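Trainee: Could we go through this structure together? I would like to ask about single residues, then the domains and the core.

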Amino acid sequence: MDVHTRRLRHFVAVAETLHFTRAAESLYVSQQGLSRSITELEHDVGVPLLKRTTRAVELTDAGKAFLRSAREALAVLDAGVADAHRAHSKMSGVLRIGFFAASALELTPLIISEFRTRHPSVSPRIESYDLTDPSCGLRSGETDVAFLRLPIDLADLNSEVLFTEPLAIGMTNSHPLAAQKVVLLTDLQDQVISAPRTDDARWRAFWTLRDLGVDDANLPRISRETATMDEELDNVAAGLTLSVSVPSMDRFAHRASLVYRTLGQVPGSTLCVGWRGQPTPLVQAFIAVSRKVRDEHRDLVARIESGNAD
């Protein structure tokens, strides 16, 4: 049996007043609607709860028994709602947020600002990580939640996807491939790229194009490993390597000598909010805010996913 709480409240009001008109006025509903609600409740319960005559309204024995339970059920529900509101208003502490490079791009300040507005007693603490730890502190437990670029080889990792950005190839503006709007995998066979210096094999494979099911002989050669984004960009600017990257790097780590060309016919880079295991209330709150900001800025997300958020 699935009894609506609205019908329970209607029944309690009638049972306490034994008068449909006064009960309807106290509930701000029509007398006809209240009568229909009581009839539906009696149908749900399966027994008559009220005796109705032209002169009076009385509780049946079943109605008296049901009234006690209805009051208890509503009291427990109201207490639960009050407890939830108190817990929400008292939510406090420090939320450690892992951050990598440009993180959630244009969504980052929107998410952080919205989170601080909704939870002023919580102190968000941004922890920055380099290419050596794509989990942004989740693996070591240094962070509670993080902005991540998938895929990551990490047990019990959970995620809320914010967007998927196309891959791009970073190069000097004098490189022969810079004349193309889109670079294909076949264009890179004789090129050299850098690799992130990390123990995460899945993440390294993605950013070196080794997870595409293509023979290594048909892929660009890996010449060196880099631990930081600046180190990677220095190598590209010096003409030593190309970089497997994303278009947003030109906005968030702009260098006048570098350009980024879309890498066609390959999966994009999925950015998410990630956490491990069962989320704490603080992490749940951050996930909810991130989801809300993403959904409220669909146009911005669409521009990011197109490779052009300007």
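Trainee: To begin, is Gln265 buried or exposed?

Mentor: This is a predicted model, and in it Gln265 is exposed, with a relative accessible area of 76%.

Trainee: Where does Gln265 lie?

Mentor: Gln265 lies in the loop between β12 and β13. The C-alpha atom of Gln265 is separated by 9.7 Å from that of Pro166, although the two residues are 99 residues apart along the chain.

Trainee: And Thr280, what is its place?

Mentor: Thr280 is also in a loop, the one between β13 (269-276) and α9 (281-296). At 41% relative accessibility, Thr280 counts as partly exposed.

Trainee: How far apart are Thr280 and Val259 in space?

Mentor: From C-alpha to C-alpha, they are 41 Å apart, with their positions 21 residues apart in sequence.

Trainee: Changing topic: which domains does the assignment give?

Mentor: The domain assignment gives domain 1 (5-84), domain 2 (89-165 + 270-306) and domain 3 (168-267). Domain 2 is therefore written as two segments, 89-165 and 270-306.

Trainee: What separates the centres of domain 2 and domain 3?

Mentor: Taken over C-alpha atoms, the centres of domain 2 and domain 3 are separated by 25 Å. The contact takes 17 residues from domain 2 and 18 residues from domain 3.

Trainee: What area is buried between domain 2 and domain 3?

Mentor: About 1600 Å² is buried between domain 2 and domain 3, and carbon and sulfur atoms give 65% of that area. On the domain 2 side, Leu131, Pro151 and Glu165 supply 39% of the area buried against domain 3, more than any other three residues.

Trainee: Now the interior. How many residues does the largest nonpolar core have?

Mentor: The largest nonpolar core has 38 residues. Those with the most contacts inside this core are Leu167, Ile169, Met171, Leu188, Leu209 and Leu263.

Trainee: Which elements give two or more residues to this core?

Mentor: They are β5 (145-150), β7 (168-172), α6 (201-207), α7 (229-237) and β12 (258-263). The largest share, four residues, comes from β12.

Trainee: Why does this core lie between domain 2 and domain 3?

Mentor: Both domains give residues to this core, so it lies between them. As a general point, nonpolar side chains tend to be buried together in soluble globular proteins.

Trainee: What is Leu167 in contact with?

Mentor: Leaving aside neighbours within four places in sequence, the contacts of Leu167 include Phe206, Trp207, Leu209, Val244, Val246, Leu263 and Pro267. There is also a second, separate core of 27 residues, which includes Ala104, Val122, Leu162 and Val283.

Trainee: On to the strands. In what order do the four strands of the open sheet come?

Mentor: The order is β8-β12-β7-β11, and the pairing is mixed. β8 (182-183) and β11 (243-245) are the edge strands, each pairing on one side only.

Trainee: How many bridges pair β7 and β11, and in what sense?

Mentor: β7 and β11 pair over three bridges, in the antiparallel sense. One bridge partner to look at is Val244 in β11, which is opposite Ile169.

Trainee: Ser243 is in strand β11 as well. Is Ser243 buried or exposed?

Mentor: Ser243 is buried, with a relative accessible area of 1%. Beyond neighbours within four places in sequence, Ser243 is in contact with Ala168, Ile169, Gly170, Glu232 and Val236.

Trainee: What about β9, why is that strand described as largely enclosed?

Mentor: Five of the five residues of β9 (residues 192-196) are buried, so the strand is largely enclosed by the rest of the structure. Val192, Ser194 and Pro196 are buried on one side, and Ile193 and Ala195 are buried on the other.

Trainee: Which strand do five bridges join to β9?

Mentor: That strand is β10 (residues 221-226), and the two run parallel. The bridge partner of Pro196 in β10 is Thr226.

Trainee: Last topic. How many disulfides does a search of the whole structure find?

Mentor: The search finds zero disulfides.

Trainee: Why is there no bond between Cys136 and Cys272?

Mentor: The sulfur of Cys272 is the closest cysteine sulfur to that of Cys136, but the distance is 9.6 Å, too far for a bond. Cys136 is buried at 1% relative accessibility, and Cys272 is buried with a relative accessible area of 0%.

Terms used. Residues are numbered from 1 along each chain as its sequence is written. This is a predicted model: local features need pLDDT of at least 70, side-chain atom pairs count only at pLDDT 80 or more; totals for chains, interfaces and linings use all residues. Side-chain values use heavy atoms; hydrogens and water are left out. A nonpolar core is a set of buried Ala, Val, Leu, Ile, Met, Phe, Trp, Tyr and Cys residues joined through side-chain atoms within 4.5 Å. Buried means under 20% relative accessible area, exposed over 50%, partly exposed in between (1.4 Å probe, protein chains only). Domain bounds come from an automatic or database domain assignment. Contact means heavy atoms within 4.5 Å. Two strands pair if DSSP finds at least two bridges between them. A disulfide is a pair of cysteine sulfur atoms within 2.5 Å. Buried area is the accessible area (1.4 Å probe) that two parts lose on being put together, summed over both.
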